[in-house]
Structures are given as structure tokens and as C-alpha cells.
Amino acid sequence: MKKILLPLLLTVAPALQSFAAEAPSSYEQLLKHITTPPAAGDAVYPAARASASQAAGLYWVTIKAADKAERTSLLEQGFDIIEVDRAKGTVSGIAGQELMDHLSSKSFSVLSRRPLAEHAAAVSKDFPAADAVYHNYKETTDLLRDLAARNSDIASLFSIGKTLEGRDIWCLRVNSSAKGEAPSSKPGAFFLGNIHAREHLADEVPLLFAAWLMDHRNDADVKKYISTLDIYIVPMGNPDGVEYDIKNGSYQYFRKNLAKNSDGSRGVDLNRNFDSWWCEAGASTYPGSDTYCGPKAFSEPESQHIRDFMLARRNIRTHISYHSYASEILYPYGGSDSDVPNAKDKQAFIKHAAEMGKLTGYEPLKSSEMYIATGDSCDWAYDATGALSFTFELEGRGFYPGAAIVKGAVERNIKAAVYLLSVTDDPYRGL
Ligand SMILES: [Zn+2]
């Protein structure tokens, strides 16, 4: 097999244009912008439907996988499981002919296949033709800069490090007494988004949460969190991948970072690259696959920066990493069937996941209940730092759910994020 899932770059490429008008930056303005149809020329994000040429040779496939062991094995063969139907004992995701042949040779049954463009058209709703409300890297950066500049008494912006292509991974810090990278002994909360490139909603949620926090900085509860906590928001953890996914004016279904692999393929799955049972199960050693774990744990600058950021801030007690999509709140472990060994932590995970589940409507569960996947960022974060770390699989059907989904997803997830802030000073209170 080679280069199975390397996205094709054959696309129609309408010129990318920036917003003509000044970009909105308060939360209220952003919400208004989200719910207003985009003007012509706002085509920073490509049309939400995969074009026929872009998805050429790729299929949306449904494969029989009766149980967790079979799902884990599929991940190891390089198939990224995008949807799971436990009742039917099937999983679905994207594959080219080579990967399908490979899976068949390993005795997996491909039950159905449909050209990816056709599938994408069917699951897309009637949203505007261009997803202009989504923030690309520049817009994300500009908005974070603006939030920090307009709230400089409580907010600051710094880079946690550069990507392979030299982009800064920006972190907005909200803290009434410490700025930039200065240490703080206040209890910390860390919100991370979009380490998987095509999961664009996972940038919008933490980014708009940051804008919301600034708009609501004088609300009694928010004011208390800002003055007593050390809050970090990194909305776009994989900017190279994000820009690659949108750069030609149609989506590329690209998941990984932009590592140049030995076989000529691109990308390591950052959520398989952390040093937590690294590449032992549910990850692939095949560089072209979507679940490629990389040549070694922490081989990638993006995962290294997240590691170093967390290790340098041991005051961080709570953490969410945003992904899409499954409407789930996952807690450790994902790389092992076992529960976390500390009984109190286990109780805290179950309680907080359940509470945040009520606020979002998402299903709380232990990450490994679906399948085993090693090298997971939240497993590593919890084991290495003790921070209670949750993976949010946001809502939607598809990676490109359109503009209409953003407002509701953001509003629901702000409630969960505020809940997490409310327990960050003592996540074990009342257990
Ligand atoms: Zn993801």
C-alpha cells in the first residue's frame, strides 16, 4: 500500500479573499456574523460540499466491526473510524481503493461504499455555499490579538511554539495578575482545539469561548474565575493542517499535521503521537494512513509544544481537547481498557463528564469504550500532569457541517467550559 489517504490536490481553486469589512471581534458581533448569510467575496472557507474532483477516488465506506477489538484492529490497519454504529456492529469512514483492498485482505468486510462527494452532498444541510463564518489561521490569530489588546489588563497572547511550517501556535491567557509566560500559582484550566485539521468546529468552540469570556468579564461568576484562575485557550493546535485542508478552495479531508514522511506521504496523526502506550494499539505504523503514530512518540513539533506547555504549567488542573464529531465527552483512558488507577480521579472524571454531558447533550463515556487508541493527548496529559483531561467530540454530521451548526455548538459548549472553570479550583469538591 502507499499513499492511500493522501488528499488529492486537483481542485478548482477560487481565489481566496479576506473579509472586505473589518472582522467582528466581540462575542455578540461574532454571533451576529455567524447567523447572517455571508456576503459575496467572503469565501475564505471553501464551499462546504466536497467537489467531485476533490474527492475523486475516495469513498465513504461502511465496514463490519462487531466489537471493540475489531474497531481497534481497523485503526491499526490505517482506517480512521469516523462513525461507529454499535447497534449494527459497523463503522464508517473514508477509504481509497488501495485501503479497501488491504482491509479485505485482512478479512474485513466492506459492506457498502459510496463516492465521497456523493456522501458529502447527502449529509450536508442547506447552509450557505461558503463557510465564511469559520476562522482560518489568520482570522483566528487576528481575533486572539484583538481580544488580548482590548482586554490587556486580564488577557495576553503568546506562542507556545512553531509548527513544522513555521506558524505560531497561539495561546490566549486569561489571568488578572500574570501575563504572557510568567508563572502563576492559581489553579489552571487549559482549553485546546483543532489538533485534527479537518475538525474546524473544534477551533470555533474554544475561540468563541474566549470572545465570550471577554464580553462577560464583568459578570459576577466570570469575574471570579478571571481573578482566581489561570485560564489558557489554544484554539488551533494544528494550524499547518488546517490551512492545508482549506487552501485550494475545497476541503481536503485532511486530519494530520504536515510532517514529511519517509515514503513521501504527508502527516502524522497528532492524537496518536503522544507518549502514552505510544503506537501499541489502535494506531498505524503506515505513514500514509490517517492513524499514523509517527516515527516515535513526540516526533512532531506540535505535540512537543503541547507537552512542554503543560509540563511547564503544573498548576493546570483541568483540560479539554476539542475534536469533532460524535457528540461525546470522553475521559481516560483511551489507550487502555483499564480505568484510571486513582479512585478519586475516576470519580471526578465520571462526575464532571456527566455534568458537562447534561449541559451539552453529549454522551459521557470512558474513551476506550469505543475502541482502543494509544498515543492520545488526554491520556498523556492526565498521566504526566494529573490534570483532569477530557476529549470533547463535538456535534454534527461530517467534518464540514456548515455555518448553521456553529452558534448552537458554541452556546452549549460555553456552558460546559464555564462548568469546568467552576470546579477548577477544587475538582474533587463534594466527591
Ligand atoms: Zn479528532
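**Exercise 1. What is the strand order in the open sheet of 8 strands, and is its pairing mixed? Work it out.**

Before starting, note that this is a predicted model, where local features need pLDDT of at least 70, side-chain atom pairs count only at pLDDT 80 or more, and totals for chains, interfaces and linings use all residues. Residues are numbered from 1 along each chain as its sequence is written.

*Step 1.* Get the elements. Helices (H or I, at least four residues) and strands (E, at least two) are DSSP runs, numbered from the N terminus. The protein has 12 helices and 12 strands.

*Step 2.* Chain up the partners, where two strands pair if DSSP finds at least two bridges between them. The order comes out as β5-β6-β8-β7-β9-β12-β10-β11, and the pairing is mixed.

*Step 3.* Check the ends. β5 (155-162) and β11 (363-366) each have a single partner strand, so one side of each has no neighbour in the sheet.

*Step 4.* Look at the twist: direction ignored, neighbouring strands are turned by 20 degrees against each other on average. Axes here are lines fitted to C-alpha atoms, for helices over the stretch in contact, and angles run from 0 to 180 degrees between N-to-C directions.

**Exercise 2. Describe the surroundings of strand β10 (residues 328-331).**

*Step 1.* Take one partner: β10 runs parallel to β11, joined by 4 bridges, and Glu328 sits opposite Glu363.

*Step 2.* Now take β12: that pairing is antiparallel, with 3 bridges, and Leu330 faces Thr391.

*Step 3.* Follow the chain. β10, helix α10 (residues 343-360) and β11 form a right-handed β-α-β unit; right-handed means that, with the strands pointing away from the viewer, the path from the first strand over the helix to the second runs clockwise.

*Step 4.* Sort the side chains. In a regular strand they alternate between the two faces of the sheet. Here Glu328 and Leu330 point one way, Ile329 and Tyr331 the other, and all are buried. Buried means 20 or more other C-beta atoms within 10 Å of a residue's own, exposed means 12 or fewer, and partly exposed is in between, with C-beta atoms placed from the backbone.

**Exercise 3. How many residues of strand β3 (residues 90-96) are buried, and which strands pair with β3?**

*Step 1.* Count burial: 6 of the 7 residues are buried, so β3 is largely enclosed by the rest of the structure.

*Step 2.* Find the partners. β1 (residues 58-64) pairs antiparallel with β3 over 7 bridges, with Tyr59 opposite Ala95. β2 (residues 83-85) is also antiparallel to β3, through 3 bridges, and Glu83 has Ser92 as its bridge partner.

*Step 3.* Inspect the turn: the β2-β3 hairpin has 4 residues between its strands, and Gly89 takes a positive phi near 70 degrees there.

**Exercise 4. Where does the largest nonpolar core lie?**

*Step 1.* Define it: a nonpolar core is a set of buried Ala, Val, Leu, Ile, Met, Phe, Trp, Tyr and Cys residues joined through C-beta atoms within 7 Å.

*Step 2.* Size it up. The largest has 127 residues, and Leu172, Phe209, Ala210 and Ala211 have the most contacts inside it. Helix α6 (residues 201-215) gives the most, 11 residues.

*Step 3.* Place it: domain 1 (58-123) and domain 2 (137-424) both contribute residues, so the core lies between them. Those bounds come from an automatic or database domain assignment.
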